[in-house]
Amino acid sequence: MPTIPFNSSSPKINSKAHSSRLEAVLNTVIDGIITINNRGDIQSFNPSAERIFGYAPEEVIGKNVKMLMPEPYHKEHDGYLQNYFNTGDKQVIGKGREVEAQRKNGTIFSMELGVNEMSIAGETMFVGTIRDISDRKGAEQALLENQAKLQAIVDNTVDGLITINEVGKIEHYNKACEGIFGFTFAEVVGKNVKMLMPEPYYKEHDGYLQNYQNSGTKKIIGIGREVKGKRKNGTCFPLDLSVSEVHIHGRKLYSGIVRDISERKKSEDRIEQANAELEEFSYRTSHDLRSPLVSSIRLLDIVQEAIENNEKDHALMGIGRIQKSLNQLEELVKDILTLTLTKNEKEDYEAVNVDTVINDSLNKLKHMENYERLSIQLVPQFEQSLITKKNRFVLIVENLLSNAIKYQDVSNDSSFVKVTTYRQENKFILTVSDNGLGIPKSLQKQLFQMFKRFHPKTSFGSGLGLYMMKKSVDVLGGRIEFDDMDNLSTFKVTLPQSLE
Amino acid sequence: MPTSSVLVVEDSEIDQVIAKYMFNKFDENLEVLQAFDGVEALDILKGTQPQPIFIFLDINMPRMNGHDFLKAYESSDLNSTSIVMLTSSCQPEEKDKCLAYNSVKRYLTKPLEIADLEGLFKTS
């Protein structure tokens, strides 16, 4: 490779040996070295400069150095030189700095440039030392991009990310955390992370950290578990937390990922409850279906024996008992079918005349035992139509009324049921009160559970009526309450009077 | 020889009839005493000598239910007969609660089977 000797324009070098040593150095040094004269014309251009810029020395020697510069340096370089000569103001001389340069092929790259001034035979010259740092710049750029990407991920992840230091002070807290806890980053940074915890974690957390650092006993690090968090508004919620330990420049940090699992917990609870109900349901149905059947089979044995012994009255009595058992069975099966239907039924909202529903229901229940001895008082004060799911509403009304009829106190000469309807703050209210047998205080909390019978000997019930009613009220977005003041059992149903 | 007896405390007439039938089938010499609630049961026990070999007790009854009967029975001077719960409730909590009484030896769920009686009388 032809090279232009560095000293080609330095006639004053006195030692030949010295000159050739210097040349060897310049030819092998990794940095590009360029000398220019006071007009900016290139005087020498070493092999590394060739490699960096892509020019052969003969293409650049004698030309203005600004050919190696992109705009704005290209335009301004003559000015820099001029300025220096006029004012002595050194912009770049004696200092290293990062500038952009242009290769022969037009590409622009970053380089580190050091410029020194020297005087040779009274002529001011400048030596530029050049290091191509485009690789390093590229790496820096990639690092920055990577960091931005990571930041975007951290900011946009649905999980909360929190980093604390060794003493529990919060250092990082991403956007998701703001949503989860309600505190902004500014409100938590530098504070102890226990502010995000309810008791007993609040009190104990410093201890956990201390304990871990002293003994290495991991309470949560590397394990991950369900804990409780506390929001800014004071409410507590379940969260999944996993913590890992990170060491950065000799500092120990703990990085936690938190996920609000309130919704998941709610769903789990709902599924658990549904499962428990299903289990209870299948057990009870099999048991309750079987028991009148088994009774009937036993009773048939008794009847058969009675017939064989010619005891007609005894046989007839047995048959009467079988009838009773089978009627119970029939009632149970009927309720189970209704329940299944109610569970599955999708129904549209429609305008319902409440008074008509109540009267129709009473009409339907007329055949019930002791219906006629019950005084029925209607106090209808809800004058508009109720927008609701009619079948559900009818089920509620019928169940309340039939319970009042079924469980009247036959020893009371003035048994009554009072039905009132009215409107209260945009809600429809239905109350059904009776002076019947009531429900023992101790059993009232089981009132709306499946298969609960409160008067098993008075009348056979499947134990599903109130349960179905409660489910229906839930579907309609309402509430049902029971109250037993002054020997009166009162069910109060509150429903939205229209779709809200 | 004094007749051995069992006492069935049960408010359902059908269940009483069936229980009596099952006991007769199991051992026709066994006398079956019937009480329709806890109060009646205590009365019968006070007037019966010797005491029945078993008391079969339902839980859900008017006037005095099974639990109240057990409390009254265990704090009375009658307390000597083994009690067998005979109920439709198969909830484990109920079972545990009943078996916690000293006098309760077994917890049977209805319907009563001959095999239950065989097991019971064999081990007693």
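This is a short talk on how two chains meet in this structure, and on some charged pairs inside and between them.

Okay, hi everyone. One thing up front: what you're looking at is a predicted model. Let's start with the layout of chain A. The domain assignment splits chain A into four pieces: domain 1 covers 6-133, domain 2 covers 157-260, domain 3 covers 263-344 and domain 4 covers 346-500. If you take the centres of domain 1 and domain 4 of chain A over C-alpha atoms, they sit 100 Å apart.

Now, the interface. How many residues of chain B are in contact with chain A? It's 21 from chain B, and they meet 18 residues of chain A. People often describe the size of an interface by the accessible area that is lost when the parts come together. Here chain B and chain A bury about 1600 Å² between them, and 56% of that is on carbon and sulfur atoms.

What about charges across that interface? The rule picks out three salt bridges between chain B and chain A. On the chain B side, the residues touching chain A break down into nine nonpolar, four polar and eight charged. There are also four residue pairs in polar contact across the interface, both residues at pLDDT 80 or more.

Let me show you two of those bridges. One of them is A:E305 with B:K25, where the closest N and O atoms are 3.8 Å apart. Another is B:E13 with A:R321, and there the closest N and O atoms are 2.3 Å apart. B:E13 sits in helix α1 of chain B and A:R321 in helix α10 (residues 312-344) of chain A, so this pair joins two chains. And are the two partners buried or exposed? B:E13 is partly exposed, because its relative accessible area is 37%. A:R321, on the other hand, has a relative accessible area of 11%, so it counts as buried.

While we're at that end of chain B, have a look at B:E10. You'll find B:E10 in the loop between β1 (5-9) and α1 (13-26) of chain B. Its relative accessibility is 3%, so B:E10 counts as buried. And what does the side chain of B:E10 contact? It makes a polar contact with the side chain of B:K110, at 2.7 Å.

Right, on to pairs within chain A. Side chains of opposite charge can pair when their charged atoms come close. Over all chains, the count comes to 33 salt bridges. Take A:D78 and A:K66: they form a salt bridge with the closest N and O atoms 2.9 Å apart. A:D78 is in helix α4 (residues 73-87) and A:K66 is in the loop between α3 (57-60) and α4, so the pair ties together parts 12 residues apart in sequence. Both ends are partly exposed, A:D78 at 32% relative accessibility and A:K66 at 24%.

A second example is A:E98 with A:R136, whose closest N and O atoms are 3.6 Å apart. Here A:E98 comes from strand β3 (residues 96-102) and A:R136 from helix α5 (residues 134-156), so the bridge ties together parts that are 38 residues apart in sequence. A:E98 is partly exposed at 40% relative accessibility, and A:R136 is partly exposed at 39%.

That pair isn't on its own, either. Salt bridges with shared partners link A:E98, A:E112, A:R136, A:K137 and A:E140 into one network. Okay, that's what I wanted to show you. Thanks!

Note on methods:
Residues numbered from 1 in each chain as written. Chains lettered and ligands numbered in written order. Predicted model: local features only at pLDDT ≥ 70, side-chain atom pairs only at ≥ 80, totals over all residues. Heavy atoms only, no water. Helix = DSSP H or I, 4+ residues; strand = E, 2+ residues; numbered from the N terminus. Buried < 20%, exposed > 50% of the residue type's maximum accessible area, 1.4 Å probe, protein only. Polar contact = N/O pair within 3.5 Å; in protein donor to acceptor, adjacent residues only side chain to side chain. Contact = heavy atoms within 4.5 Å. Buried area = accessible area lost by both parts, 1.4 Å probe. Salt bridge = Lys/Arg side-chain N within 4 Å of Asp/Glu carboxyl O. Nonpolar A, V, L, I, M, F, W, Y, C, P; charged D, E, K, R; others polar. Domains from an automatic or database assignment.
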